[in-house]
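Got the viewer open? Load the model, switch to cartoon view, and we'll take a walk through it together.

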Amino acid sequence: MEHVFNEKKPVNAPTFEEEVTKKSKKVEAFNCKPSPAFIGASWTALLIGMVSYCIGLWNVGMELNEKGYYFTILLFGLFSVVSVQKSVRDRVEGIQVTDMYYGISWFTTIASIVLLVIGLWNADIELSEKGFYGMSFTLALFAAVAVQKNTRDVKFLDENVAK
């Protein structure tokens with residue numbers, strides 16, 4: 001009966017044993033859980049970046065609409081980089097991501113950075129303040145990617161290594 005079952009499969013199709021081996025190797029290839037220290041450092045960096053950016057906005061002498069612009073850019077950038085990280089990771093893991101969503105994720109990430117640069121270029125604030133906003137924004141974006149990666153790694157390992 002096994003012989004009949006194999007005849008219906010395409011010539012290059014893997015056997016059941018090869019599929020099981022392939023899946024177990026995929027899990028073995030990634031079995032390094034992020035350390036609690038790295039997870040904590042990522043969350044701390046995200047909070048420091050976001051909070052310092054927001055404290056700077058609170059204290060700067062701008063109109064409320066300008067502050068709203070910069071706050072929206074922060075939220076837009078954070079969402080965009082998490083979306084990029086998710087779509088890149090999905091593709092690596094073989095989860096289908098449309099080219100349109102992948103492209104939009106990258107476009108919005110780049111757009112948020114460009115909008116911040118344009119806003120700061122034209123802002124009537126000291127150069128040191130502009131650098132502060134740029135650095136806290138960059139820290140928050142990088143940390144958001146790290147937090148998303150850690151969250152994804154822990155979830156992946158919890159679901160696949162336990163089995």
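Is Asp-90 buried or exposed? At 6% relative accessibility, Asp-90 counts as buried; here buried means under 20% relative accessible area, exposed over 50%, and partly exposed in between (1.4 Å probe, protein chains only). We'll come back to Asp-90 shortly.

A word on ground rules. This is a predicted model, where local features need pLDDT of at least 70 and side-chain atom pairs count only at pLDDT 80 or more, while totals for chains, interfaces and linings use all residues. Residues are numbered from 1 along each chain as its sequence is written, and side-chain values use heavy atoms, with hydrogens and water left out.

**Stop 1: the whole fold**

Color by secondary structure. You'll find six helices and zero strands, running α-α-α-α-α-α from the N terminus. Helices (H or I, at least four residues) and strands (E, at least two) are DSSP runs, numbered from the N terminus. Of the 163 residues, 33% count as buried. Contact means heavy atoms within 4.5 Å; among contacts with a separation of 6 or more, 73% are between residues 24 or more positions apart. Show the surface and you're looking at about 11,200 Å² exposed, with carbon and sulfur atoms supplying 69% of it. Accessible areas come from the Shrake-Rupley method with a 1.4 Å probe, and for residues only the protein chains shown count as cover.

**Stop 2: helix H4**

Select 64-92, which is helix H4. Its 29 residues reach 42 Å from first C-alpha to last, close to the 42 Å expected at 1.5 Å a residue (the expected span is 1.5 Å times one less than the number of residues). Just after H4, click on Gly-94, which takes a positive phi of about 85°.

Back inside H4, show Gln-85. With 11% relative accessibility, Gln-85 counts as buried. Leaving aside neighbours within four places in sequence, Gln-85 is in contact with Val-145, Gln-148 and Lys-149. Keep Lys-149 on screen for the next stop.

**Stop 3: the charged network**

Side chains of opposite charge can pair when their charged atoms come close. A salt bridge here is a side-chain nitrogen of Lys or Arg within 4 Å of a carboxyl oxygen of Asp or Glu, and the structure holds nine of them.

Select Lys-86, Arg-89, Asp-90, Glu-93, Lys-149, Arg-152 and Asp-153 as sticks: they are linked in a network of salt bridges. Three pairs to look at:

- Asp-90 and Lys-86 meet at 2.7 Å, N to O. Both lie in H4, four residues apart, about one turn of the helix. Asp-90 is the buried partner from our opening question, while Lys-86, at 37% relative accessibility, is partly exposed.
- Glu-93 and Arg-89 also meet at 2.7 Å, N to O, and both residues are buried.
- Asp-153 and Lys-149 meet at 2.4 Å, N to O. This pair sits in helix H6, four residues apart, about one turn of the helix. Asp-153 is buried, with a relative accessible area of 2%, whereas Lys-149 is partly exposed at 36%.

**Stop 4: helix H5, inside and out**

Now select 99-122, helix H5. At 1.5 Å a residue its 24 residues should span 34 Å, and the end C-alpha atoms are 34 Å apart, which agrees. Start with the buried residues: Ser-105, Thr-108, Thr-109, Ala-111, Ser-112, Leu-116, Gly-119 and Leu-120. Their cover includes helix H3 (36-59), H4 and helix H6 (127-160).

Which residues make the nonpolar surface patch? Select Val-88, Val-92, Trp-106, Ile-110, Val-114 and Ile-118, and you have about 530 Å² of it. Patches are made of residues with over 30% relative accessible area and no salt bridge, with like charges joined within 9 Å and nonpolar side chains (Val, Leu, Ile, Met, Phe, Trp, Tyr) within 5 Å. H5 gives the largest share, four residues. One H5 member is Ile-118, which is partly exposed at 45% relative accessibility.

**Stop 5: the nonpolar core**

In soluble globular proteins, nonpolar side chains tend to be buried together. A nonpolar core is a set of buried Ala, Val, Leu, Ile, Met, Phe, Trp, Tyr and Cys residues joined through side-chain atoms within 4.5 Å. The largest one has 21 residues; show Tyr-53, Tyr-70, Leu-78, Leu-116, Ile-125, Tyr-133 and Phe-137, those with the most contacts inside it. H3, H4, H5 and H6 each supply at least two residues of this core, and the largest share, seven residues, comes from H6.

Finish by centering on Tyr-133. Not counting residues up to four places away in sequence, Tyr-133 touches Tyr-53, Gly-56, Leu-57, Val-60, Leu-116, Leu-120 and Ile-125.
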